[in-house]
Amino acid sequence: MAMAARPTASMERAELLKAAPFVRPGGDVVLYDHVWEPTRVLLGEQTYPSLDDVRTASAGEAGRWIALRPDELPTIDGRALPGNIVLLGALFSSRLLSSLLPEERMEATLVARWPQAAQRNRLAFREGRERGA
């Protein structure tokens, strides 16, 4: 069985723009679309890239392009789900990761490692998995 192409993941929009040249043909691109405007953008000296600009620059020969919008994700007890775990769940929809480690084992590891946050992490992982499918 042929190995799936390596996915590219980013937790911030401008970060993915910098990584665009390294996207592998056929590899999934997963962005947790957090916007972290640097000082020059806040001062009006530079512009921040739009989601469309980032998609155009990084999509190229990518397999799937997934944007996880933090404002569209559910909350639990009024708190946002942990973005890193949502991103991890979406990455598990990639053939490469799921072929290396079963998602059930990853989810069990998250729960065992951080038992106080088990409910939030489980929901975040499943939400990312669902959005990445």
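Helix α3 lies across strands β2 and β3, and its axis runs at about 150° to that of β3. The model described here is a predicted one. The points below cover the sheet, the helix that lies across β2 and β3, the surroundings of Arg13 in helix α1, and the nonpolar cores, of which the largest has 17 residues.

**The sheet**

- Three strands form an open sheet in the order β1-β2-β3, and their pairing is parallel.
- Strands β1 (8–10) and β3 occupy the edges with a single partner strand each, so one side of each of these strands has no neighbour in the sheet.
- Averaged over the sheet, and with direction ignored, neighbouring strands are turned by 10° against each other.
- The parallel pairing of β2 with β3 extends over four bridges, and Val30 has Ile66 in β3 as its bridge partner.

**Helix α3**

- Within α3 (residues 51–59), the residues Leu51, Val54 and Ser58 are buried.
- These buried residues of α3 line one face of the helix, because they fall within an arc of 65° when seen down the axis.
- An α-helix has 3.6 residues a turn, so residues three or four places apart point the same way.
- Asp52 and Thr56 are exposed, and they sit on the face of α3 that is turned away from its buried side.
- The elements covering the buried residues of α3 include α1, β2 and β3.
- After α3 comes Gly60, which has a positive phi near 30°.

**Arg13 and its surroundings**

- Arg13 belongs to helix α1 (residues 13–19), and it counts as buried because its relative accessibility is 11%, where buried means under 20%.
- The side chain of Arg13 comes to 3.1 Å from the backbone oxygen of Pro49.
- If residues up to four places away in sequence are not counted, Arg13 touches Leu31, Asp33, His34, Val35, Tyr48, Pro49, Ser50, Leu51 and Val54.

**Nonpolar cores**

- In the largest nonpolar core, which has 17 residues, the members that touch the most others are Val30, Leu68, Val86, Leu87 and Phe125.
- At least two residues of this core are supplied by each of β2 (29–32), β3 (65–68), α4 (83–91), α6 (103–113) and α7 (118–132), and the largest share, five residues, comes from α4.
- With its neighbours within four places in sequence left aside, Phe125 is in contact with Ile85, Leu88, Gly89, Phe92, Glu103, Met106, Glu107 and Leu110.
- A second core, separate from this one, has eight residues, among them Leu16, Val23, Ala62 and Trp65.

How values were computed:
Residues numbered from 1 in each chain as written. Predicted model: local features only at pLDDT ≥ 70, side-chain atom pairs only at ≥ 80, totals over all residues. Heavy atoms only, no water. Core = buried A, V, L, I, M, F, W, Y, C linked by side-chain atoms within 4.5 Å. Buried < 20%, exposed > 50% of the residue type's maximum accessible area, 1.4 Å probe, protein only. Contact = heavy atoms within 4.5 Å. Polar contact = N/O pair within 3.5 Å; in protein donor to acceptor, adjacent residues only side chain to side chain. Arc of directions from axis to C-beta. Pairing = 2+ DSSP bridges. Axes fitted to C-alpha atoms, helices over the stretch in contact; angles between N-to-C directions.
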